[in-house]
Amino acid sequence: MITLDDENLRFMALTMLLSRLEHGDLAALREAGMNDSQMQRLRTMPASEMVRLCSIKSLKIGIAVDEASLDHAIQTVNRVGEELRLLETFMERHAPLSMLTELFGVQSGDLTMHREILCENPKRGRPALPDHDIRDRIHMQWHDLKRQDMHEAQRYLKLSERFPELSMATLYAVVNEFGV
């Protein structure tokens, strides 16, 4: 347990415990180390006494960290950060709004605003498709990339590395030209 030494933090922690007490979550409070008489005393204690209680240096109130939930939260933050970086990359490469909505699940209104900030001249309209041979090569490459375990946005980035002369909008249009 990490001890909270600051009076304000201890007051916040006790306030949270009181909230649990008021909601009848007695089992959690007992598990946290409180007995019934302590709960009753805290419930009836005036705020001024609670402030005095928190200023007593020998009062030990602390926090415990659940390792598994912290790991999960860190992974979530990392994943969201990576998705935001991917989204920015796609916007910088003038990906169409429909592609961004499909890949990242963001509303088009939000995307339009972000896109105007990131891109000097956001392109609009349907891109011209390359000739038939290039489209066939794109389809074959896309089929190969779909076998790999990665986010679909990363597949499009790989595809754009293989066809650097084509815009993200063109690649998206080719991949989806048959509506499959």
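This report describes the fold, one helix and its packing, a surface patch and several salt bridges of a predicted model.

**Overall composition**

The chain contains 10 helices and 2 strands. Read from the N terminus, the order of these elements is β-α-α-α-α-β-α-α-α-α-α-α. The chain has 180 residues, and 28% of them count as buried. Contacts between residues at least 6 apart in sequence include many that reach further along the chain: 57% of them join residues at least 24 apart. The accessible surface of the chain is about 12100 Å², and carbon and sulfur atoms account for 54% of that area.

**Helix α8 and its surroundings**

Helix α8 covers residues 132-146, which makes 15 residues. At 1.5 Å a residue, a span of 21 Å is expected for α8, and the C-alpha atoms at its ends are 21 Å apart, so the two values agree. The buried residues of α8 are R135, I138, W142 and L145. Viewed down the helix axis, these buried residues fall within an arc of 80°, and they therefore line one face of α8. An α-helix has 3.6 residues a turn, so residues three or four places apart point the same way. On the face of α8 turned away from the buried side are the exposed residues D133 and M140.

The cover over the buried residues of α8 includes α9 (152-162) and α10 (168-175). Helix α10 also holds T170. T170 has a relative accessible area of 7%; the cut-off for buried is under 20%, so T170 counts as buried. Apart from neighbours within four places in sequence, T170 is in contact with P127, A128, L129 and P130.

**Helix α2 and the nonpolar patch**

A28 belongs to helix α2, which runs over residues 26-31. With a relative accessible area of 25%, A28 is partly exposed. A28 and L17 are 11 residues apart along the chain, and their C-alpha atoms are separated by 9.2 Å.

I2 is located in strand β1 (residues 2-3). Together with I63, V65, L70 and I74, I2 makes a nonpolar surface patch of about 440 Å².

**Salt bridges**

Side chains of opposite charge can pair when their charged atoms come close. The structure holds 8 salt bridges, and the table lists some of them with the separation of the closest N and O atoms.

| Acidic residue | Basic residue | Closest N and O atoms |
|---|---|---|
| D25 | R20 | 3.3 Å |
| E22 | R43 | 3.7 Å |
| E49 | R41 | 2.7 Å |

The salt bridge between R43 and E22 has its closest N and O atoms 3.7 Å apart. This pair links distant parts of the chain, with R43 in helix α3 (residues 36-44) and E22 in helix α1 (residues 7-22), 21 residues apart. E22 is exposed, at 53% relative accessibility, while R43 is partly exposed, at 39%.

In the salt bridge of D25 with R20, D25 is partly exposed at 28% relative accessibility, and R20 is partly exposed at 37%. For the salt bridge of E49 with R41, the relative accessible area of E49 is 27%, which makes E49 partly exposed. R41 has a relative accessible area of 41% and is partly exposed.

How values were computed: Residues are numbered from 1 along each chain as its sequence is written. This is a predicted model: local features need pLDDT of at least 70, side-chain atom pairs count only at pLDDT 80 or more; totals for chains, interfaces and linings use all residues. Side-chain values use heavy atoms; hydrogens and water are left out. Helices (H or I, at least four residues) and strands (E, at least two) are DSSP runs, numbered from the N terminus. Buried means under 20% relative accessible area, exposed over 50%, partly exposed in between (1.4 Å probe, protein chains only). Contact means heavy atoms within 4.5 Å. Accessible areas come from the Shrake-Rupley method with a 1.4 Å probe; for residues, only the protein chains shown count as cover. Patches are made of residues with over 30% relative accessible area and no salt bridge: like charges are joined within 9 Å, nonpolar side chains (Val, Leu, Ile, Met, Phe, Trp, Tyr) within 5 Å. A salt bridge is a side-chain nitrogen of Lys or Arg within 4 Å of a carboxyl oxygen of Asp or Glu. The expected span of a helix is 1.5 Å times one less than its number of residues. The arc is that of the directions from the helix axis to the C-beta atoms.
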